[in-house]
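Reader: Could you walk me through this structure before I go back to the bench? I'd like to begin with the ligand site.

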Amino acid sequence: MVSPFLPEAEKVTAVREALPSTAAGIYLNTGTAGPLPRETAAAMAEVAEWELATGRAHVALFPETFERMAEARAAVAAILTSDIDTVALTHSTTDGMNIGTWGVDWRAGDRAVTSSLEHPGGLGPLYVARDRFGVDLAIVDVGDGGDDERTLAGFDAAITPRTRLVSISHVAWSTGAVLPVARIAELAHARGALVVVDGAQSAGAMPVDPGAIGADVYAVPGQKWLLGPEGMGALWVRPGALERVERTFAGYFSFETVDGRGTGVPWSSARRFEATNYHRPSVVGLARSCGWLSMYVGLDWAYTRAARLARRSADLLAAIPGVELLTPRHQMATLVSFRIAGWTPDQALDELGRRVFAIARTLPPVNALRISVGFFNTDEEIERFCGAVAELAAHTPETLPPHRGLPLLGQDAG
Ligand SMILES: Cc1ncc(COP(=O)(O)O)c(C=O)c1O
């Protein structure tokens, strides 16, 4: 059983036992999707079974569903160190970034400002706003994101009086840099712009307090560092910004009271940004994963351990001749990006998968590999992974000695 008070080694063993896929390889891609807790999978299966056996149509299910949704909001709110009324459920980060971006009543010539390190989940709605409404989109070149003064000077110059929105990641998905959101938000607010933050690589990975960093809207996924199911996400909205963020989607879930005669009173909380239905097992799954993280694992322990292991990975990788680290080490969270001279990212990932069963990803936009380091990883895994990178870096794909992989049943091992 996992508990916040076990000694480190026992706790890591218990945590890994509770996250079965951490045994499937060196799990280094939570930035795409995290390992699902066994407990979450069981809770989701139980709801799915129940639905299968008794159906999804009984009226008693309505209040039950609202209860489960409230639990999920509360579980996310606890991780975002926020009040439950600030949180709405969504289906993804991208949903949240769209809700935030469309929170502005755009007029041709209005400006939106973003960084050069954004994910398509945040860029998508900005491009649509530009192409559809003639929004003037400024993309600030922030390099690797590790030079705050450069980043701030860029945003300072780009945020004009016509700027209605500043849209930025808390942690850049490509270089892993933690962007100076609080100081950018100060600039944005001083000029009347709304601040929408992509929290896909921060929520659950590091301490996050959207209010304290000046976000008006903060979008998070369920499936990454919160270790929840796919198809779920959440949106945090600053209480003072609720009326300012225009609503774009609305439906049964958006209103406290709604009728067919012209009356719809939106919720006075962030719930007004919920519009349509959710997959009930996944709502329960998100709540369970967040609860498991905060109550059984312990957020402080998870953040501290993940930060230490990620930093150690970055240090080990940076010390390997032939490896170029993209991640600014003085300003990183849990993502580490790098290139290996002589290897394409695809070739390297393939080989690392074969040699040490590493589960990571390539980053085509920056021609690099990325690892996501979690609290559930071990020092031994990080050493094994970095050892394999060193072996690759000492060779090329042509000169690398063949690895004696495990022979697969039914295959000619020769
Ligand atoms: C920074 C960032 N934003 C958005 C996304 C998209 O997340 P989602 O699938 O929850 O929309 C990702 C990950 O894929 C990401 O890394």
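**The ligand and its surroundings**

Author: This is a predicted model, and in it the space that the ligand takes up is the second largest pocket.

Reader: OK, and which residues are around the ligand?

Author: Going along the sequence, the ligand is surrounded by Ser92, Thr93 and Thr94, then His119, Trp173 and Asp198, followed by Ala200, Gln201, Pro221, Gln223 and Lys224.

Reader: How do the residues of that shell divide into nonpolar, polar and charged?

Author: Six residues of the shell around the ligand are polar, three are nonpolar and two are charged.

Reader: Which N or O side-chain atoms lie within a few Å of a ligand oxygen, say for Gln201?

Author: The side chain of Gln201 has an N or O atom 2.7 Å from an oxygen atom of the ligand, and a polar side-chain atom of Thr93 also lies 2.7 Å from a ligand oxygen atom. For His119, the distance from a side-chain N or O atom to an oxygen atom of the ligand is 3.3 Å.

Reader: And how much of the ligand's accessible area does the protein cover?

Author: On its own the ligand has 400 Å² of accessible area, and the protein covers 87% of that.

Reader: Switching topic, how is the protein divided into domains?

Author: Domain 1 is made of two segments, 8-30 and 298-393, while domain 2 runs over 45-294.

Reader: How far apart are their C-alpha centres, then?

Author: The C-alpha centres of domain 1 and domain 2 are 28 Å apart, and across the boundary 27 residues of domain 1 are in contact with 25 residues of domain 2.

Definitions and conventions: Residues numbered from 1 in each chain as written. Predicted model: local features only at pLDDT ≥ 70, side-chain atom pairs only at ≥ 80, totals over all residues. Heavy atoms only, no water. Near = heavy atom within 4 Å. Polar contact = N/O pair within 3.5 Å; in protein donor to acceptor, adjacent residues only side chain to side chain. Areas by Shrake-Rupley, 256 points an atom, 1.4 Å probe, with all protein chains shown as cover. 1 Å grid on protein atoms, 1.4 Å probe; cavity = no way out; pocket = protein on both sides within 12 Å on 5 of 7 lines; lining within 4 Å. Sits in = over half its atoms within 2 Å of the grid points. Nonpolar A, V, L, I, M, F, W, Y, C, P; charged D, E, K, R; others polar. Domains from an automatic or database assignment. Contact = heavy atoms within 4.5 Å.
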